[in-house]
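Work through the exercises below with the sequence and the model at hand. Each task is followed by a stepwise solution.

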Amino acid sequence: MTPQLYYYDMGPQVTAFSTTRHGGCSIGNYASFNINRYCGDDESHIAANRQALLQVLNVSDERLVMPHQTHETRVLPVDEVLLTMPMEERQAVLEGVDALVTDLSDVCIGVSTADCIPVLLSDDEHHAIAAVHAGWRGTVQRIVEKAVQTMVSVYGTRPEQLVAQIGPGISLDSFEVGDEVREAFRNEGFDMLAISKRYPAKWHIDLPECNRLQLMTAGVPEQNIRCADVCTYQQHNDFFSARRLGIRSGRIFTGIVRHESH
């Protein structure tokens, strides 16, 4: 059993990826690869899938860090203290966290999505990385900008040195929203011409573009930002989509790990 990963090039010592629906043992709407414990999947399947991923990444179990996301904007630095905590204590610290940053080697940090936008950041100069969960609520609250600011304050990151990868998520064509969602973006000062489009029935929002523009606002050069050309809603056979499968389905895990230089 080998998970099929969708890899990103973020530098020679960095492994960056999103999981696909292939190469695991989960069944039904969780088929076949899911490691998220908060969406109703069988615990034994989650554990087996997680072990398979750890083998591919060559990372030990305690060094794979996943938060329990709640669509807020808390950014948590991952340090050795967190890694040595008993699991129950550690999960309590990771509760309500939607972005992780670290400068530790051989630690995989990541976020879970199923239409929301995952964003990975890498600062080669300071050996720092970030994984961000940007659903529409987090995007409105500018979680990506907050993650960059956290890297600046904690690790001394220079935004112009960052490389960013926007992962698989729902596209403009597929992300139909109610007027209240559009208003939330408008009220926060987003450029609505750039990020929204009126379709015959409803407004649509371009979440990947929202986050790309936020990265640029935070100081990341446009040429350093890459975007996966994957719409989870349209490609739900390969990537989980909550809008297609319901919330009781699997989650994509988008992770990043910086390996020790040899």
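**Exercise 1: contacts along the chain**

Task: find what share of the contacts in the protein chain with a separation of 6 or more comes from residues 24 or more positions apart.

Solution. A contact means heavy atoms within 4.5 Å. Among contacts in the protein chain with a separation of 6 or more, 69% join residues 24 or more positions apart.

Residues are numbered from 1 along each chain as its sequence is written. The model is predicted: local features need pLDDT of at least 70, side-chain atom pairs count only at pLDDT 80 or more, and totals for chains, interfaces and linings use all residues, while side-chain values use heavy atoms, without hydrogens and water.

**Exercise 2: an aromatic pair**

Task: classify the ring pair of Tyr6 and Phe239, and state where each residue lies.

Solution. Step 1: rings of Phe, Tyr and Trp (its six-membered ring) pair if their centres lie within 6.5 Å; planes under 30 degrees apart are stacked, over 60 edge-to-face, the rest tilted. Step 2: the centres of Tyr6 and Phe239 are 5.6 Å apart with 90° between the planes, an edge-to-face pair. Step 3: Tyr6 is in strand E1 (residues 5-8) and Phe239 in the loop between strand E13 (225-227) and helix H9 (242-245), so the pair ties together parts 233 residues apart in sequence. Helices (H or I, at least four residues) and strands (E, at least two) are DSSP runs, numbered from the N terminus.

**Exercise 3: burial**

Task: are Tyr6 and Phe239 buried or exposed?

Solution. Buried means under 20% relative accessible area, exposed over 50%, partly exposed in between (1.4 Å probe, protein chains only). Tyr6, at 30%, is partly exposed; Phe239, at 4%, is buried.
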